[in-house]
Amino acid sequence: PIEADLVVGANVRKLRGERGLTLQEFASQLGMSHQQLQKYETGSNRVSAGVLYMMARAFSVPIDALFEGVDDTTGLDEASKALQ
């Protein structure tokens, strides 16, 4: 996984914990399995734009809050390498 996937996952896990939600509870809110949510949180699966939008809405935060902590230079470099 690239850095951005790991950071997004960590931020989702942190926000979920701050709200006292279990994996199962938050996954259910999003309409997915807790296994899928866990893959997003660990960075083993990349979160789609639509799921990022749903997560941000569920947490009542702007989407960019989910990317907080991504290094603006290396994160983008790694993302562009992954696309090549």
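## How α2 and α4 cross

In this predicted model, helices α2 and α4 are roughly perpendicular to each other. Helix α2 covers residues 23-30 and helix α4 covers residues 49-59. The two pack at an angle of about 115°, and their axes are 10 Å apart. Angles of 65 to 115 degrees count as roughly perpendicular, so that is the description used for α2 and α4. If you turn the structure to look at this crossing, you are looking at a right-handed one.

## Who meets whom

Which residues of α2 meet α4? They are Phe26, Gln29 and Leu30. On the α4 side, their partners are Met54, Met55, Ala58 and Phe59. Sorted by class, the contact of α2 with α4 has six nonpolar residues and one polar residue, with no charged residues.

## A stacked pair of rings

Two of these residues deserve a second look. The count of aromatic pairs comes to one. Phenylalanine 26 and phenylalanine 59 form this pair, and it is stacked, with 4.5 Å from centre to centre and 20° between the planes. The pair links distant parts of the chain, since phenylalanine 26 belongs to helix α2 and phenylalanine 59 to helix α4, 33 residues apart.

Are these two rings' residues buried or exposed? Phenylalanine 26 has a relative accessibility of 0%, so this residue counts as buried. Phenylalanine 59 is buried too, with a relative accessible area of 2%. The cut-off here is under 20% relative accessible area.

Terms used
Residues are numbered from 1 along each chain as its sequence is written. This is a predicted model: local features need pLDDT of at least 70, side-chain atom pairs count only at pLDDT 80 or more; totals for chains, interfaces and linings use all residues. Side-chain values use heavy atoms; hydrogens and water are left out. Axes are lines fitted to C-alpha atoms, for helices over the stretch in contact, and angles run from 0 to 180 degrees between N-to-C directions. Helices (H or I, at least four residues) and strands (E, at least two) are DSSP runs, numbered from the N terminus. Angles under 35 degrees count as roughly parallel, over 145 as roughly antiparallel, 65 to 115 as roughly perpendicular and the rest as oblique. A crossing is left-handed if the near helix is turned anticlockwise from the far one by less than a right angle, and right-handed if clockwise. Contact means heavy atoms within 4.5 Å. Ala, Val, Leu, Ile, Met, Phe, Trp, Tyr, Cys and Pro count as nonpolar, Asp, Glu, Lys and Arg as charged, and the others, Gly among them, as polar. Rings of Phe, Tyr and Trp (its six-membered ring) pair if their centres lie within 6.5 Å; planes under 30 degrees apart count as stacked, over 60 as edge-to-face and the rest as tilted. Buried means under 20% relative accessible area, exposed over 50%, partly exposed in between (1.4 Å probe, protein chains only).
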